[in-house]
Amino acid sequence: TLSDRLTSVFSSLRGKGRLSDEDIDATAREIRLALLEADVALPVVRAFVGQIKERARGEEVSKALNPAQQVIKIVNEELIAILGGETREIRFAKNPPTVIMLAGLQGAGKTTLAGKLARWLAAQRNTPLLVAADLQRPNAVTQLQVVGERASVPVFAPQPGNGVGDPVEVARTSIEHARRNNHNIVIIDTAGRLGIDSEMMQQAADIRDAVTPDEILFVVDAMIGQDAVNTAQSFLDGVGYDAVALTKLDGDARGGAALSIRHLTGRPIMFASTGEKLEDFDLFHPDRMASRILDMGDVLTLIEQAQRTFEESEVEKMASTLASDEDFTLDDFLQQMAMVRKLGPISNLLGMMPGMGQMREQISNVDDKDLDRIAAIIQSMTPGERANPKVINGSRRLRIANGSGTQVSDVNGLVTRFFEAQKMMRQMKNGGMPGMPGMPGM
Ligand code: GDP
Ligand code: MG
């Protein structure tokens, strides 16, 4: 796997302050291969890997991660950013109905997606109408009717008088029908061809011009790999579209097409289709796609765990400072608060600190604003004052209050509580449980 290869690339590397250029180049080569294996188009791979190198060069070596993990983390974050930048909701028309038109090759999954989308929208209190504007294949209309029945959504199909044999006319009349029957959304299923075809493009463009859709969704099969890029470009030129729906993600495609299409067309990926059933449908999740492209979900989980463990070891270090003979200072105090915030669930933190389990309640009443104010006050003190707060007299308190944008009474309160906390720490070190005088600074 990618992670095995990277780990061997880096096996010699320990304790450097920054990733070396050779290390980054070696990683970049492996990432490049992984992306190509995932069917990401070459120009996209080049641009993307270039970006990763740039970022990796600026990065300090993490204490929590080995270099391979660190670069994978960067790649994963960048993938998510690219795949997820500018995702957005469906734009609803000011005057209903909102018109959504589906375009794509034959077999891409348009008709199936039409049903899924209709069902999904109906579940959100909409009243969609499905429109059968694919008159290319003999059974296309019937297929949509079956899908509509399953989704419990009505289907507008060609009838004598509403444009038999003319998909443009069917689409046009469907809008009037929707308006009369209070459908707030119209989903237009169109005909595809097996390959790019100018007649198909023209028909789709004519339907577009007849109904001026609020959203045109390009529907594309993730299994077609690199071909997806050319198809996406042709549809962009021939019809244009606002967003992409990626289908057949239940297959074994690694999904690099998503990255290529997003990168090359600038269109967001809105929906993901993951099976033949109507429920196999979801909004597109960039993080899932990123880990699929990298094909290393387990490694990503490991990376998260490694970071968490590292943060926990910082807490242990803090706990041992507290247990040492040195007196508890304002710097310790500030560091302790920073940790409380970073680690989230406070009970975890307290569980790790000797003798502190009972303070849960008091700490959890502190909000971020209090912590910000306390941090500002301590940061306005000189190192000497932090190490030995006894020197903080009246004029120093005024200076600190001005420097931190607080009142002298805030500084007084902090100093008083700090002394209480310090006393408590001393008692704890001497083995006694203190009488709960209020957690440091809280
Ligand atoms: P259209 O020609 O674009 O309308 O494509 P269809 O909706 O008719 O789908 C073509 C085939 O792909 C059908 O057999 C569908 O059941 C199947 N299909 C559509 N979406 C998916 C999907 O997400 N996963 C899987 N496995 N099959 C799908
Ligand atoms: Mg179809």
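## Getting to know ligand 1 and the largest cavity

Q: In this predicted model, how far does a polar side-chain atom of Gln143 lie from an oxygen atom of ligand 1?
A: Gln143 reaches ligand 1 through a polar side-chain atom, and its partner is an oxygen atom of the ligand. A pair of N or O atoms counts as a polar contact within 3.5 Å. The distance for Gln143 is 2.9 Å.

Q: How much of ligand 1 does the protein bury?
A: Taken alone, ligand 1 exposes 570 Å². Of that area, the protein buries 80%.

Q: Which residue has a polar backbone atom 3.3 Å from an oxygen atom of ligand 1?
A: Thr111 offers a polar side-chain atom, 2.8 Å from an oxygen atom of the ligand. The 3.3 Å pair instead uses a polar backbone atom, and that atom belongs to Ala108.

Q: Which helix gives the most to the shell around ligand 1?
A: The ligand is surrounded by 17 residues, with Lys110, Thr111 and Thr112 among the closest. By class, the shell holds two nonpolar, nine polar and six charged residues. The helix that gives the most, with four residues from the run 110-123, is α5.

Q: Where does ligand 1 sit?
A: A pocket is an open set of grid points, whereas a probe in a cavity cannot get out. Ligand 1 sits in the largest pocket.

Q: What is the volume of the largest cavity?
A: Its lining includes Ile24, Val49 and Val71, and by class it has seven nonpolar, one polar and one charged residues. Helices α2 (21-37) and α3 (42-58) each give two or more residues to this lining. The volume is about 50 Å³.

How values were computed: Residues numbered from 1 in each chain as written. Chains lettered and ligands numbered in written order. Predicted model: local features only at pLDDT ≥ 70, side-chain atom pairs only at ≥ 80, totals over all residues. Heavy atoms only, no water. Near = heavy atom within 4 Å. Polar contact = N/O pair within 3.5 Å; in protein donor to acceptor, adjacent residues only side chain to side chain. Areas by Shrake-Rupley, 256 points an atom, 1.4 Å probe, with all protein chains shown as cover. 1 Å grid on protein atoms, 1.4 Å probe; cavity = no way out; pocket = protein on both sides within 12 Å on 5 of 7 lines; lining within 4 Å. Sits in = over half its atoms within 2 Å of the grid points. Nonpolar A, V, L, I, M, F, W, Y, C, P; charged D, E, K, R; others polar. Points joined across faces, edges and corners; volume = space filled by probe spheres on them.
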